[in-house]
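Here is a short tour to read alongside the model you have open. Take it topic by topic, and keep the viewer handy.

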4 protein chains.
Amino acid sequence: MNLSRGRQYLATPGPSIIPDQVLRAMQRPAPDIYKGEIVDLTEEIKADISNFAGTHGETAIYISNGHGVWEASLVNLFQPKDKILIVSNGHFGNSWARLAERLNIDVEIMDFGTDVAADPNKIEYRLRSDKLHEIKGLLVVHSDTSTSIKNNLYDIRSSINNAKHPCLFLVDCIASFGCDIVEMDNWGIDVILTSCQKGLMTPPGLAYLIINKKAQNISKKNSNISPYWDWKTRINPELFYMNFFGTAPTHLLYAQHEALKIMKEEGKENIFQRHKKLQQIVTTAVNHWGESGPMKLNVPNEHHRSNAVTTFQAPGHDLNKLREWVEVNLGLTIGVSLGFDSEEYLDGKSVARIGHMGHLNPHMLIGVISSLEIGMTAQNIPHKSFAAEKIYDLLNS
Amino acid sequence: MNLSRGRQYLATPGPSIIPDQVLRAMQRPAPDIYKGEIVDLTEEIKADISNFAGTHGETAIYISNGHGVWEASLVNLFQPKDKILIVSNGHFGNSWARLAERLNIDVEIMDFGTDVAADPNKIEYRLRSDKLHEIKGLLVVHSDTSTSIKNNLYDIRSSINNAKHPCLFLVDCIASFGCDIVEMDNWGIDVILTSCQKGLMTPPGLAYLIINKKAQNISKKNSNISPYWDWKTRINPELFYMNFFGTAPTHLLYAQHEALKIMKEEGKENIFQRHKKLQQIVTTAVNHWGESGPMKLNVPNEHHRSNAVTTFQAPGHDLNKLREWVEVNLGLTIGVSLGFDSEEYLDGKSVARIGHMGHLNPHMLIGVISSLEIGMTAQNIPHKSFAAEKIYDLLNS
Amino acid sequence: MNLSRGRQYLATPGPSIIPDQVLRAMQRPAPDIYKGEIVDLTEEIKADISNFAGTHGETAIYISNGHGVWEASLVNLFQPKDKILIVSNGHFGNSWARLAERLNIDVEIMDFGTDVAADPNKIEYRLRSDKLHEIKGLLVVHSDTSTSIKNNLYDIRSSINNAKHPCLFLVDCIASFGCDIVEMDNWGIDVILTSCQKGLMTPPGLAYLIINKKAQNISKKNSNISPYWDWKTRINPELFYMNFFGTAPTHLLYAQHEALKIMKEEGKENIFQRHKKLQQIVTTAVNHWGESGPMKLNVPNEHHRSNAVTTFQAPGHDLNKLREWVEVNLGLTIGVSLGFDSEEYLDGKSVARIGHMGHLNPHMLIGVISSLEIGMTAQNIPHKSFAAEKIYDLLNS
Amino acid sequence: MNLSRGRQYLATPGPSIIPDQVLRAMQRPAPDIYKGEIVDLTEEIKADISNFAGTHGETAIYISNGHGVWEASLVNLFQPKDKILIVSNGHFGNSWARLAERLNIDVEIMDFGTDVAADPNKIEYRLRSDKLHEIKGLLVVHSDTSTSIKNNLYDIRSSINNAKHPCLFLVDCIASFGCDIVEMDNWGIDVILTSCQKGLMTPPGLAYLIINKKAQNISKKNSNISPYWDWKTRINPELFYMNFFGTAPTHLLYAQHEALKIMKEEGKENIFQRHKKLQQIVTTAVNHWGESGPMKLNVPNEHHRSNAVTTFQAPGHDLNKLREWVEVNLGLTIGVSLGFDSEEYLDGKSVARIGHMGHLNPHMLIGVISSLEIGMTAQNIPHKSFAAEKIYDLLNS
């Protein structure tokens, strides 16, 4: 008998669950791309994204995925041979570094491992040692989707300030945007990168750079920016098509506009608090399981945990089998490991992830948690069961 | 903080969860209603419904809800003052009876209470006593959505046979269709009633009568059938519009056609077995809760339980508060009580229902069960917790 | 080579063109049918329908097509053997009469043929002659979709008043609602019938009765109303489900609510004036064609023409061949003849129809008109060509 | 009175009309982006695009618009200071050249004006004169959307062959793909560029490079390719995400897959012939108008006309006013001029465009033509009217 009918539930860290209202927004004909509603709606998206980032800076929209704006941010600000410092605590930090190297940028990685946030003191120490200010940019992934570590951007900014270093501060908020609070202006971030398919709840295909004046000014001196990535006309388009350097991605814009409408209805403050609670539901469950067995959170320190995704481990156990079992037998799909490709992690098999970004409520995660418990029983993974009993207290705390 | 964002989960006994594929099928312009695809598709729906009912009989489609075909079935077969016997074990059996009375039919109710299936021996006894064969029809609700009792249609047919009674046998399969097996021809059912919004997974607005030759012949003698309900032209339309006595319900037909396509892909056998397992997940959980508290299934005998819905009780407790708590705090909506309006049931407040019809998998119900446990904790309803631990064994049994 | 790709254009008189916005409104899960948005939205639909009808009377919603409310209106107000007078100028008037006869109502048809509006003087004369007031109701189809005749309801009401006759005045506005103005209270109409799939721009499956106090009072004396059609609980439901005597047609309600939103944005006055202009575009074209050939409007008197549909003829010519040619070669579908089944009309073949109801602008009709001219050339139907030249003046008049 | 309700018709040269079936395909949740349906579907899209291009070469998919693949094609094949020859007959050829210049490529434009196709003899002459083979690439826009000129790719290839020149041959088929036949392998094209929102009938956001072995080999020697644009992993991805260098554009892929399904059902041969007929309908109309007035086709030579778009002029007249009049009064939107920014063309005001790409049939264009005639009357633009009379002959030819 096959029980896997119904609505397959995807608890991976993106693309996230798309609200019906957002899908509906794409059910319309192509519009005139020279004037009318699509023009106003694009302006509104740009303003809303800036606002959610907590900045008076400008937003550039790219038709691309997150990797696209990784490239765009680098191309606008740096030249081949420029030196940048990339803080890494996971697969995505490392991947961004590799991309920069392919652009012939001189990349130095500060690797903080895969289970703790970056240490601001070490960053400060490194920047102080750069007396000639050769480091042009400090690049940080806010929440690395692979490890679910969240870095403390405020403290990192303080490190830069303490070191009196003039480098640009770029932050990849692809996974964290709309889940973890970010205060671009208050925290002195020069460029934020994000994309539409996670906390922004839109089908993939749009990515964003949010850029302050300092970054804009530095970019102006750069004469070798490839036309597609050049953010100047995207920020200040004389004609509507310049927002996109060509044809506008009309239907994704309709979708993103509707998703932002939902977010504005909920309100920034509630969004971030809800995501914190959702994260705690999941991390509380994993900690509970681990009281009698191998299950444990990847990030031991609760202050270092992302509100968007939770990476967990069961050393010595094959969680891929757990994933397959709950997918086939129950109708639940959780996320695979990324970047844990060593023997210690059975080449990633002992690691898995649960996304909790965007259109989510406690009921959805409770189903995930209890289904995983049944799966652990099926796969003989020892665990203290009945994590749900902890959730009531959590909701009331 | 308000956590009730995301996809609100509706675990009520209908309208059930509509597959995306079915919703998509309605995204199209109105068609020509005189020829083409809509004509073929209507024929296919009628054939598929008959086939799922296990009959060579004919299907008539009505633009109406289930109450509409309650009226239609009576109007086609009975005249004012005709006597019929209605077996009741719940709100819907009683409501059908009241409707029949308003049509001036002479209704006798055999009330079997609200927690056991009808006793075939009592039915046989009653029919045997009707020596003049005044009873023109025996009406049974297969699964009463209010009590979640399932009647044994095969045994009831045997009762009729044993009593050598010529009455028509009408069965309301509105809640059970596509969830519990029904073998119309093998079980000697003359008319089955159903509607589209439960096991048939379609937005409400279509209802069906499935009619064998005996019923068709008896109906032909009835000269007072109201034109809208008359099934003759609906069964054998000379022109397409006669299927619907007027304009076809085009978009609901597209949706129903798509839902039946999904059902045929899964296969009748798997559908019924899956629903049995889904029912067992829910009933096992309620029994588990009851081991240390007031929670109990409404239907003690497992052979009397519907595969489509489960009614449960917590005598002395207000489950409406539980419903509200999980709705507001977790994002889960369960079904209200229907027909338990006595002091014993706190006027229905101590009763609630969970639907498990159609587009469903175990993960979805596991989330419902664990969320309710958290809700019971919040509402101080004593219960043995961690029902999910029983589910693994169940899935393997 | 096959050119019939693209968006097939349906210029039939209903189901009409559904706005994308209305289709989109159906892309959502089934809601809780006991409370919340669906309850408010239903109240709003009822109020809006009454308002568009120009009445303080009440609206009852039926899950059915137009034939359903034909039956409902009769069943609520009349008993078998009651006498009613039906004014007919087309297929739908006659069909309503036949339906009434099947309900054993004593029907008298005043047949005004198929090309002129009813003569109020003749109606007055007939009512005056009914000195015993045996006639309980006068039934009129506002715009008969088959002939495209529009009757003058104000004048007919005056006839009833002049004759000092107490009969009920029922009007079928199925085709005219939202196209031709109707002032229910000012014109003394007791019951208006309509349905959702024409001027109301919603996928078929909902129909409406709009009922004033007089009709409600008379209905209360009728003890034999079948439960499904009984309008009393639908008008004044104690519980939400009573609006529909059972499960609510949730998705059609979402659609209808959205369509009414569009209508309110345009405004009643503009809607009616726009439809008048659309009608004039079509009738001007047919008259133009007829200046050199057989093409002519079915309704010679411009004051007798519906704003929703135009019936035209080409005596001696087979317009079915024209229909097929433009459908296969150009991608345009026009309406078939209904109710012209005599030798004079080649059994309907010399008659065709163009719908112009709802979501329509001049460009859409200009394409229909010019395509038909090409089709007439292809089918050797003589005609004065280039009707479009008349349209500019018309738009400016 | 405001008549512009209904379905606004967009006759611009892209984004084109999206079939309902394609829009529907996007109404689904985000899928797992590591395995399953989305992987197979992507492979199928790549194979189908190659097949429609008439090649055994490979297709790379980019999340971008057409400008994105302009950049991608250059970045993969050329280095700064490399010399390329761009054939231009319109705005898009010139824009591609400017983009190349910003990449520091040494660009030589062969400008053939705005009303004739490129002269293969002149190209041959230029290539012969390049004895050192400094020209690395010959770039041609197949159909320039601004002028509606179609270049003869077969003849241009012959020129290259005759000149025995080893340069790469790149063709921008963004506007022509799926409208005008292209035989990549037979015509010796090394790289074709296209995007999804014109003949491919998909909401904008995907663009394609189709690449033969020669181009792939040359690209391998290029060490400075930016990672996002690098086609190597997109062509031969080891893991699914490498197709897109990051997150897959899931919903646009669903849409494109459905659009290609429609195209395969129609068949390549019929698609191209249908588009030729559609073009002839429009060009015949413009020629007809010009018999008594200023209206004329931008491209006098019928062999030089695109099947996807038609640019026309009314020297001395402001067609923007015509555009506005038909938009506001009739509900039709035609395309603005691009690249005719000289006094001769009243800075573009005397030029306009009609798109005829993709999901289209004759009825749709007939409406456009006749509406424009009414508009010309309104705007006092002299013209021979009744172009539709020519269309019947055309359809039969």
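The notes below go from the overall build of one chain to its sheets and then to a single residue.

This is a predicted model, in which local features need pLDDT of at least 70, side-chain atom pairs count only at pLDDT 80 or more, and totals for chains, interfaces and linings use all residues. Residues are numbered from 1 along each chain as its sequence is written, chains are lettered from A and ligands numbered from 1 in the order in which they are written, and side-chain values use heavy atoms, with hydrogens and water left out.

**Chain A as a whole**

- Chain A holds 13 helices and 14 strands; helices (H or I, at least four residues) and strands (E, at least two) are DSSP runs, numbered from the N terminus.
- A compact globule of 397 residues would have a radius of gyration near 21 Å, and chain A agrees with its 21 Å. That radius is taken over C-alpha atoms, and the globule rule is 2.2 Å times the number of residues to the power 0.38.
- Along the principal axes, the C-alpha atoms of chain A fill a box of roughly 60 × 55 × 40 Å.
- Of the 397 residues in chain A, 70% are buried. Buried means under 20% relative accessible area, exposed over 50%, and partly exposed in between (1.4 Å probe, protein chains only).
- Among contacts in chain A with a separation of 6 or more, 72% join residues 24 or more positions apart; contact means heavy atoms within 4.5 Å.
- About 12,800 Å² of chain A is exposed, with carbon and sulfur atoms supplying 47% of it. Accessible areas come from the Shrake-Rupley method with a 1.4 Å probe, and for residues only the protein chains shown count as cover.
- Chain A carries 39 positive and 44 negative side chains, and the centres of the two sets lie 2 Å apart. Lys and Arg count as positive and Asp and Glu as negative, while His and the chain ends are not counted; the place of a charge is NZ of Lys, CZ of Arg, CG of Asp or CD of Glu.

**Strand 5 of chain C**

- Six of the seven residues of strand 5 (residues 135-141) of chain C are buried, so this strand is largely enclosed by the rest of the structure.
- Strand 5 of chain C pairs with strand 3 (residues 83-88) of chain C in the parallel sense over five bridges. Two strands pair if DSSP finds at least two bridges between them.
- In strand 5 of chain C, C:Val140 has C:Val87 opposite.
- Strand 8 (residues 168-172) of chain C also pairs with strand 5 of chain C in the parallel sense, over five bridges, and C:Gly137 stands opposite C:Leu168.

**Open sheets in chains C and D**

- In chain D, five strands form an open sheet in the order 1-13-14-12-11, with mixed pairing. Its edge strands, strand 1 (9-11) and strand 11 (296-297) of chain D, each pair on one side only.
- Strands 12 (residues 309-313) and 14 (residues 351-355) of chain D are antiparallel over five bridges, and D:Phe312 faces D:Ala352 as its opposite residue.
- Chain C has an open sheet of five strands, ordered 1-13-14-12-11, with mixed pairing.
- Strands 13 (residues 332-336) and 14 (residues 351-355) of chain C pair in the antiparallel sense over two bridges, with C:Gly335 opposite C:Arg353.

**B:Val282**

- B:Val282 sits in helix 10 (residues 268-290) of chain B and counts as buried because its relative accessibility is 1%.
- Leaving out residues up to four places away in sequence, B:Val282 touches B:Thr310, B:Ile354, B:His356, B:Leu365 and B:Ile369.
- B:Gly355 is 73 residues from B:Val282 in sequence, and their C-alpha atoms are 9.5 Å apart.
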